[in-house]
Amino acid sequence: MGKGGSLSDSVLKKILLSYTYVAIWIFLSFTVIVYNKYILDKKMYNWPYPISLTMIHMSFCASLAFVLIKVFKVVEPVSMSREMYISSVVPIGALYSLSLWLSNSAYIYLSVSFIQMLKALMPVAVYSIGVALKRESFKTDTMANMLSISVGVAIAAYGEARFDVWGVMLQLGAVAFEATRLVLIQILLTSKGITLNPITSLYYVAPCCLVFLFIPWIFVEYPVLRETSSFHFDFVVFGTNSFCAFALNLAVFLLVGKTSALTMNVAGVVKDWLLIAFSWSVIKDTVTPINLVGYGLAFLGAKEAQKKTQQADDEEQGRLLEERESEGNGKRSESQN
C-alpha cells in the first residue's frame, strides 16, 4: 500500500512538473510574440525597426549564453573546429538571421492571428525542402497532407480582413528560411554527430547572426535611427523583451528534456489558438469565420502528417531494435558453438 502510494505520488509529481514546463513555455512563447508585436507595431509602441530589435535579442542572448556556459558551466560547450564552425554553423546562422528579420518585419504589416495561420505552412516548407535536398523521400499521401495544409492557409488568407501582400511575402520568406535552416541542421550538424541544445545553439549561432544582421542594419535602419534624435533607448522595454526571448530558449531546453515531442506539439497547438483568441479579443484584430475554417483545415492536415511521421519513426525504431536483437542472438549462438 505504501509502495503504491509513493509510486502514484511520484507519477503525479512528474505529471504536474511536465504541465508546469508546458505552461511556462506557452506563457513565454505567447509573451515574446505579443511583446514583439507591441514594440514593432506603428499603432502601439511604434518602433518599427525589426533588424535592430533582432540584433538586441541576439546580443543579449549571446552574452547570457556565454555566461551560463563559461562562468556558471550550466552546460558543456560542444567541441568544434574552426572549419566545422565556418562550414556548418555559419550557413545556419545566416538563415536564422534572415528568418528572424523577416518574421519580425511581418508584425508591422500583419495581425498576430494571421501570422500564426501562415506559420502553419512550416511542415509544407520543411517537407518540400527535405525532398529537394534528398533528406526526405517523396510520398503521395504525405504530399496530399501538405496540399491540404496549403489549401487551408490559402482559405485563411482569402478570409483575412487586413491582407497585406508585402507582409505575407515577408512571413512566407521567414517560413522558407526557417525550414531551410531546420533541414540544414540535419545535414550539417546532426548527421555529423553534433547536437546543440538551445543554450549551446545561442552560444555558437547568436554571434554569427549578429554579424549577418549588422550588414543590412547599416544600410536600412541605422541612417533612419541616426536621424531620429528624439529616440532614447528604453532599457526596461528592450531589456525585459530580450530577457523573455532568452527565457523562452531555456524553456524549450527544459520542455524538450523533461517531456515528449508529442507534448511539445500539443503545447504548440494550444499556444497558437490562444494567440488567435488574444489577437481577436484584446488587440481587436479581425478574425473572420473563413480565417478559422482555413486554419482548422490546415491544422487537421498538419496533425495527420505528424501522425504518419510518428508512425514511420516508430516503425524505423522497431526495425532497428529487431536488427540489434537478431545480431545479439547471432553472437550468443556463435559463442555457444
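This passage looks at the surroundings of two residues, Asp41 and Ser150, in a predicted model. Local features need pLDDT of at least 70 and side-chain atom pairs count only at pLDDT 80 or more, while totals for chains, interfaces and linings use all residues. Residues are numbered from 1 along each chain as its sequence is written, and side-chain values use heavy atoms, with hydrogens and water left out.

Asp41 sits in the loop between helix 1 (2-40) and helix 2 (50-71); helices here are DSSP runs of H or I with at least four residues, numbered from the N terminus. With a relative accessible area of 7%, Asp41 is buried (under 20%, against over 50% for exposed and in between for partly exposed, using a 1.4 Å probe and protein chains only). Its side chain makes a polar contact of 2.8 Å with the side chain of Lys37, and also gets to the backbone nitrogen of Lys43 at 2.8 Å. A polar contact is a pair of N or O atoms within 3.5 Å; within protein, one must be able to donate a hydrogen and the other to accept it, and residues adjacent in sequence count only if both atoms are side-chain atoms. Setting aside neighbours within four places in sequence, Asp41 is in contact (heavy atoms within 4.5 Å) with Asn46 and Tyr107.

Over in helix 6 (residues 140-158) there is Ser150, which counts as partly exposed because its relative accessibility is 27%. A polar atom of the Ser150 side chain lies 2.9 Å from the backbone oxygen of Met146. Beyond residues up to four places away in sequence, Ser150 touches Leu121 and Val124. Pro123 is 27 residues from Ser150 in sequence, with 9.9 Å between their C-alpha atoms.

Methods: Helices (H or I, at least four residues) and strands (E, at least two) are DSSP runs, numbered from the N terminus.
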